[in-house]
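Work through the exercises below with the model open beside you. Try each task before you read its solution.

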Amino acid sequence: MFSYSDELEKLDRAGLKRNPRVITGPQGARVIVDNKPALQLSSNDYLGLASNPLLKEAAIKSIEKYGTGAGASRLVTGTMDAHIELEEKIKSFTKAPSALLFNSGYNANLSCITALAGRATEVFSDKLNHASIIDACVLSRAKLTRFLHADVNALERALKKSVAKKKIIITEGVFSMEGTVAPLGEMAMLAKKHGALFIIDDAHGFGVLGQNGRGVLEYCGAQLEPFMLCIATLGKAVGSFGAFAVGEKEIIDLLVSKARPFIFTTALPPAVCAASIKALEIMATMPELRRRLWENIAFLKKGLASAGVGDITSKTQILPLIVGSADKTMQVSAALLEKGVFIQGIRPPTVPENTSRLRITVSAVHSREDLSFALTAIKEAFSEIA
Ligand SMILES: Cc1ncc(COP(=O)(O)O)c(C=O)c1O
């Protein structure tokens, strides 16, 4: 009989067994990790909104008004005015014609891709796209063609070869493990030329990139066009939970009727929507949060470059330091935690073999002292282990 304990042991021997660390108390620049205080440089709470008092107040008020759960799927009896209010807020923040909420970014990718792609579709997906995109493509039964990371020439060659009736191009806006930005303008032109739907997963760009925090499209000087669908999570820079897609009304209406991961799941709790609404208000009225984040990115990037701990090619708040082996990566991560800095090690299958890395993420709520402290610890840990 198949032995699950053997399988687990094999993972452990390969340095790939996961043992999540426990955070006690709120998220923020400093957290308690496995009962020890540490500087947090692993979170996607890029604007520090996850423990913002205004978001907490909004969620508490919402619980008092609505209770905790939505009680059913959106299509049964779970669509509440809180969902509609958040969708309206997202439309006005992104300037999009139509918006739909999902229960997470993972759910959003599964929903959109499986509803819009099928056996007659060819999906062109960047090789470094997130697991939720890959899983969704597999589940959709579409032909999956993966092109070299951010390589528009490779994408064009693949599009020219395609005989599929229906084509979808999909990319992350900001790549979650690289910090690189997709060449959106050129990809959009290719999508238009080849009659493809262009899906952008802006999980890490939304709230961070662009003058108004609208994300990668704004950053690239591009617009949301009728052949595009943009997805973003509410669980990262927004500091809340859930996700959304914005695009043409017909596409959004199609998702409501066809997207199984949207249809067959209980709707988001209204208090979560209330927190997201408040976060979007803060994001629209406090540009200083984004300004501080970008100042912190520049400071840490410069410090890492002069520390000589690796090439920093990222242009964003995600600053990966490639170590190579999974074991060594986890050793550096553990040494950093001993020094009071929490930077998670990222291993296969999240990243390709031999590219295990420390994924450093900066937030608007880090102080200069925090970042200087982190730089000293990183330098020491690398000289001791990597
Ligand atoms: C590119 C990308 N898409 C989707 C997701 C999933 O988002 P969520 O955490 O809201 O499920 C992530 C999160 O890790 C991501 O990095």
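**Exercise 1. In what order do the four strands of the open sheet with mixed pairing stand?**

Ground rules come first. This is a predicted model, in which local features need pLDDT of at least 70 and side-chain atom pairs count only at pLDDT 80 or more, while totals for chains, interfaces and linings use all residues. Residues are numbered from 1 along each chain as its sequence is written, and side-chain values use heavy atoms, with hydrogens and water left out.

Step 1. Fix the elements. Helices (H or I, at least four residues) and strands (E, at least two) are DSSP runs, numbered from the N terminus. Two strands pair if DSSP finds at least two bridges between them.

Step 2. Read the order. It is S1-S2-S3-S12.

Step 3. Find the edges. Strand S1 (23–24) and strand S12 (341–342) each pair on one side only.

Step 4. Check an inner pair. S2 (residues 30–33) and S3 (residues 36–40) run antiparallel and are joined by four bridges. Within that pair, Ile32 has Pro37 of S3 as its bridge partner.

Step 5. Inspect the loop between S2 and S3. Asp34 lies there. Its phi is positive, about 45 degrees, although Asp34 is not a glycine.

Step 6. Classify Asp34. The cut-offs are: buried under 20% relative accessible area, exposed over 50%, partly exposed in between (1.4 Å probe, protein chains only). Asp34 has 31%, so it is partly exposed.

**Exercise 2. Describe the open sheet of three strands and the helices that pack on it.**

Step 1. Read the order. The strands run S11-S14-S13, and the pairing is antiparallel.

Step 2. Find the edges. S11 (318–324) and S13 (345–346) have a single partner strand each, so each has one side without a neighbour in the sheet.

Step 3. Take the pair S13 and S14. S14 spans residues 356–361, and two bridges link it to S13 in the antiparallel sense. Ile346 has Arg357 of S14 as its bridge partner.

Step 4. Add the helices. Contact means heavy atoms within 4.5 Å. Axes are lines fitted to C-alpha atoms, for helices over the stretch in contact, and angles run from 0 to 180 degrees between N-to-C directions. H13 (residues 287–307) packs on the sheet and touches S11 and S14, with its direction at about 25 degrees to that of S11. H14 (residues 326–338) also packs on the sheet, touching S11, S13 and S14. The direction of H14 makes about 35 degrees with that of S14.

Step 5. Scan the loop between S13 and S14. Pro349 sits in this loop. The peptide bond from Pro348 to Pro349 is cis, with omega near 10 degrees. Asn354 is in the loop too. Asn354 has a positive phi of about 60 degrees, although it is not a glycine. With 59% relative accessibility, Asn354 is exposed.

**Exercise 3. Which elements give two or more residues to the lining of the largest pocket?**

Step 1. Set the terms. On a 1 Å grid over the protein atoms alone, a pocket is an open set of points where a 1.4 Å probe fits, with protein on both sides within 12 Å along at least five of seven lines; lining residues have an atom within 4 Å of a point. Grid points are joined across faces, edges and corners, and a volume is the space filled by probe spheres set on the points.

Step 2. Size the pocket. Its volume is about 990 Å³.

Step 3. List the lining. There are 35 residues, and the closest to the centre are Ser42, Phe342, Gln344, Gly345 and Ile346.

Step 4. Assign them. The elements are H14 and S13. H14 gives the largest share, five residues.

**Exercise 4. Place S7 among its neighbours.**

Step 1. Check burial. S7 (residues 166–172) has six of its seven residues buried.

Step 2. Pair S7 with S5 (residues 121–126). The sense is parallel, over five bridges. Ser125 stands opposite Ile170.

Step 3. Pair S7 with S8 (residues 197–201). Again the sense is parallel, over five bridges. Here Ile170 stands opposite Ile199.

**Exercise 5. How many disulfides does a search of the whole structure find?**

Step 1. Apply the cut-off: a pair of cysteine sulfur atoms within 2.5 Å. The count is zero.

Step 2. Test Cys220. The nearest cysteine sulfur belongs to Cys230, 11 Å away. Cys220 is partly exposed, at 31% relative accessibility.

Step 3. Test Cys273. The nearest cysteine sulfur, that of Cys112, is 17 Å away. Cys273 is buried, at 0%.
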